[in-house]
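Have the sequence and the 3D view open side by side. Use this briefing to find your way from the sheet to single residues.

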Amino acid sequence: MMLQPGQSAPAFTLPDADMQSVDLSSFLGKKRIVLYFYPRDNTPGCTREAAEFSDHEGEFGRCNCVILGVSRDDCLTHAEFRDRHGLSIGLLSDPEGDVCRRYGVLQEKVLDGVRRECVVRSTFVIDKRGVIRHAAYGVDPKHHAAQIYDVVRRLKS
């Protein structure tokens with residue numbers, strides 16, 4: 001089930017790298033959200049994507065937008081990833097994959113004869129009312145932050 005622009009963003013409450021709860025509803029009426037899902041901390045593509053979002057966080061902030069990355073890694077792994085690479089964006093932990101499922105970013109793959117659920121790199125732009133304004137599945141991490149910034153910049157509300 002892939003989400004589409006115009007749909008309400010599925011609610012979530014997840015812990016961040018500091019084990020503090022982050023709730024979608026706390027941003028409603030206040031900020032836009034770039035919610036991106038990535039496979040794993042400390043892999044080349046995921047590091048590039050997180051670093052690019054961190055590098056452009058100020059620009060997103062001027063558009064009244066917060067950036068949140070979600071993976072199935074635990075909070076401690078997120079904290080190490082953040083600290084090792086100097087990341088400033090929020091990293092949320094979804095170890096059971098519940099939020100990943102609600103956003104349609106888990107895909108079953110067979111690797112070496114073993115069935116596994118894998119996160120498909122995906123990004124959602126959510127407006128202040130909690131409506132998805134942009135949804136992209138299977139994105140390329142290279143220059144992705146700049147592409148999403150262009151989307152955010154063009155939003156009217």
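What follows covers a sheet, two helices and two residues.

The model is predicted. Its open sheet has five strands, ordered β5-β4-β3-β8-β9. Helices α1 and α5 both pack on this sheet.

**The sheet**

- Pairing among the five strands is mixed.
- The edges belong to β5, residues 90-93, and β9, residues 132-137. Each has a single partner strand, so one side of each lacks a neighbour in the sheet.
- On average, neighbouring strands are turned by 20° against each other, direction ignored.
- Strand β4 spans residues 65-71 and runs parallel to β5. Four bridges join β4 and β5.
- In one of these strands, β5, G90 is the bridge partner of L68.

**Helices on the sheet**

- Helix α1 covers residues 44-55 and touches β3 (32-37), β4 and β8 (122-126). The direction of α1 makes about 165° with that of β3.
- Helix α5 covers residues 144-154 and touches β3, β4, β8 and β9. The direction of α5 makes about 20° with that of β8.

**Where the two helices meet**

- Two packed helices are described by the angle between their axes and the distance between the axes.
- For α1 and α5, the angle is about 45° and the axes are 8 Å apart. That angle makes α1 oblique to α5.
- From α1, the residues E49, E52 and F53 take part; they meet H144, A145 and I148 of α5.
- By type, the residues of this contact are three nonpolar, one polar and two charged.

**Residue D73**

- Look for D73 in the loop between β4 and α3 (75-85).
- Is D73 buried or exposed? D73 has 8% relative accessibility, and buried means under 20%, so D73 counts as buried.
- The side chains of D73 and S71 share a polar contact of 3.1 Å.
- Beyond four places in sequence, D73 is in contact with P39, R40, D41, H78, S93 and D94.

**Residue L91**

- L91 sits in strand β5.
- The relative accessibility of L91 is 1%, so L91 counts as buried too.
- Which residues does L91 touch, if those up to four places away in sequence are not counted? They are P15, D16, A17, Y36, Y38, G69, H78, F81 and R82.
- Take F81 from that list. L91 and F81 are ten residues apart along the chain, and 9.3 Å separates their C-alpha atoms.
- H78 appears among the contacts of D73 and among those of L91.

Conventions: Residues numbered from 1 in each chain as written. Predicted model: local features only at pLDDT ≥ 70, side-chain atom pairs only at ≥ 80, totals over all residues. Heavy atoms only, no water. Pairing = 2+ DSSP bridges. Helix = DSSP H or I, 4+ residues; strand = E, 2+ residues; numbered from the N terminus. Axes fitted to C-alpha atoms, helices over the stretch in contact; angles between N-to-C directions. Contact = heavy atoms within 4.5 Å. Parallel < 35°, antiparallel > 145°, perpendicular 65-115°, else oblique. Nonpolar A, V, L, I, M, F, W, Y, C, P; charged D, E, K, R; others polar. Buried < 20%, exposed > 50% of the residue type's maximum accessible area, 1.4 Å probe, protein only. Polar contact = N/O pair within 3.5 Å; in protein donor to acceptor, adjacent residues only side chain to side chain.
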